[in-house]
Amino acid sequence: ALCRVFSFGWLATAMRLPQVNHTQSEQIMPALMPTDFYADVTFLGHVKNRDAKLASDPLAEVMARFDGPEGEAHGGLTRLSDSRVTAQYKKGTVIRNTRQFSILSAEELALIAADMGMDAFDPRWVGASIVLQGIPDLTLVPPSSRLQFPSGATLVVDMENRPCVLPAPVIDAEHPGKGRAFKPAANNRRGVTAWVEREGLIRMGDRVRLHIPDQPVWTHSPK
């Protein structure tokens, strides 16, 4: 526990404790564990103007900047708070944008399609930024996990992306009557949102490695 205290120089001074070199502290207590779970990028997309349409357009590659994917309507260092965080902020409050990327699982999309009575589910319908194949239960990976790409680009998982009714008209346009089935079918399968920790190029076919926080599960959740 003291290593955590030592890493904060001002706190060490206040408590008259010796300071520990930051590099030394990291060697003692790595915060993230590389896992043996890898995934392949099977889809890249972006939404140029979300007021014009929800669906994303496919890309061969995308540059991940600190303010999000280049040319992406959901990018930016900040965003206006919405209904997802009304328990924390008044709607329309300027907050940090941790929803720069919408990342989905190819395996979970197949399950969504099956529950909707469809052969396949097109990730463009929900404005997907990235689809990954290979990581089980992607939607439920721990918050603050990292997804690291060959270029060094690294995305931080914020949290599960909750399904909503907005994609229903987009789905209905191609499969009339199917849109209303999306929200229940996508429960705990809607993927995650993420933000850029390190810039870099992301390409179709990239091999991605999952890194997770090195900490126990918090056992006091209200659920």
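## Exercises on a predicted model

L54 has contacts, beyond four places away in sequence, with V47, R124, W125, G127, L166, P167 and V170. The model used in these exercises is predicted.

### Exercise 1. The surroundings of L54

Task: place L54 in the chain, classify its exposure, and state how many residues separate L54 from L166 in sequence.

Solution.
- Step 1. L54 sits in the loop between β1 (32–46) and β2 (57–58).
- Step 2. The relative accessible area of L54 is 27%. Buried requires under 20% and exposed over 50%, so L54 is partly exposed.
- Step 3. L166 is one of the residues that L54 touches. The two are 112 residues apart in sequence, and their C-alpha atoms are 8.2 Å apart in space.
- Step 4. W125 is also among the residues touched by L54; W125 itself is buried and returns in Exercise 3.

### Exercise 2. The surroundings of W195

Task: give the strand that holds W195, its exposure class, and the residues it touches.

Solution.
- Step 1. W195 belongs to strand β11 (residues 192–198).
- Step 2. Its relative accessibility is 22%. The limit for buried is under 20%, so W195 counts as partly exposed.
- Step 3. Leaving out residues up to four places away in sequence, W195 touches R96, N97, T98, Q100, T154, L155, V156 and D158.
- Step 4. For T154, the separation from W195 is 41 residues in sequence and 8.6 Å in space, C-alpha to C-alpha.
- Step 5. Strand β10 covers residues 154–160, and T154, L155, V156 and D158 are among the residues that W195 touches.

### Exercise 3. Aromatic pairs

Task: state how many aromatic pairs the structure holds and classify the geometry of each.

Solution.
- Step 1. There are two aromatic pairs in the structure.
- Step 2. F121 and W125 have ring centres 5.0 Å apart and planes at 80°. An angle over 60 degrees counts as edge-to-face, and this pair is edge-to-face.
- Step 3. Both F121 and W125 are buried.
- Step 4. For F121 and F182 the centres are 5.4 Å apart and the planes stand at 20°, so this pair is stacked.
- Step 5. The pair of F121 and F182 links distant parts of the chain: F121 is in the loop between α4 (106–115) and β8 (130–133), while F182 is in helix α6 (residues 182–185), 61 residues apart.
- Step 6. F182 is buried, as is F121. Together F121, W125 and F182 make one aromatic cluster.

### Exercise 4. Positive phi outside glycine

Task: describe D137 and S144 by phi, location and exposure.

Solution.
- Step 1. D137 is not a glycine, yet its phi is positive, about 50°. S144, also a residue other than glycine, has a positive phi near 80°.
- Step 2. D137 is in the loop between β8 and β9 (146–148). S144 is likewise in the loop between β8 and β9.
- Step 3. With a relative accessible area of 53%, D137 is exposed. S144, at 33% relative accessibility, is partly exposed.

### Exercise 5. Two pockets

Task: compile volume, lining and residue classes for the largest pocket and the second largest pocket.

Solution.
- Step 1. The volume of the largest pocket is about 700 Å³. For the second largest pocket the figure is about 550 Å³.
- Step 2. The largest pocket has 30 lining residues, with R50, H74, D82, R84 and R99 nearest its centre. The second largest pocket has 16 lining residues, with P143, D158, M159, E160 and R162 nearest its centre.
- Step 3. In the largest pocket, β5 (78–80) and β7 (101–105) each contribute at least two lining residues. In the second largest pocket, strand β10 gives the largest share, three residues.
- Step 4. The classes are tabulated below.

| Pocket | Nonpolar | Polar | Charged |
|---|---|---|---|
| Largest | nine | eleven | ten |
| Second largest | six | three | seven |

- Step 5. D158 links two exercises: D158 is touched by W195 and is among the residues nearest the centre of the second largest pocket.

### Exercise 6. The whole chain

Task: summarise the secondary structure, burial, contacts and accessible surface of the protein.

Solution.
- Step 1. Six helices and 13 strands are present.
- Step 2. Of the 223 residues, 41% are buried.
- Step 3. Taking contacts between residues at least 6 apart in sequence, 71% join residues at least 24 apart.
- Step 4. About 12,900 Å² is exposed, and carbon and sulfur atoms supply 55% of it.

Methods
Residues are numbered from 1 along each chain as its sequence is written. This is a predicted model: local features need pLDDT of at least 70, side-chain atom pairs count only at pLDDT 80 or more; totals for chains, interfaces and linings use all residues. Side-chain values use heavy atoms; hydrogens and water are left out. Helices (H or I, at least four residues) and strands (E, at least two) are DSSP runs, numbered from the N terminus. Buried means under 20% relative accessible area, exposed over 50%, partly exposed in between (1.4 Å probe, protein chains only). Contact means heavy atoms within 4.5 Å. Accessible areas come from the Shrake-Rupley method with a 1.4 Å probe; for residues, only the protein chains shown count as cover. On a 1 Å grid over the protein atoms alone, a cavity is a set of points where a 1.4 Å probe fits but cannot get out, and a pocket is an open set with protein on both sides within 12 Å along at least five of seven lines; lining residues have an atom within 4 Å of a point. Grid points are joined across faces, edges and corners, and a volume is the space filled by probe spheres set on the points. Ala, Val, Leu, Ile, Met, Phe, Trp, Tyr, Cys and Pro count as nonpolar, Asp, Glu, Lys and Arg as charged, and the others, Gly among them, as polar. Rings of Phe, Tyr and Trp (its six-membered ring) pair if their centres lie within 6.5 Å; planes under 30 degrees apart count as stacked, over 60 as edge-to-face and the rest as tilted.
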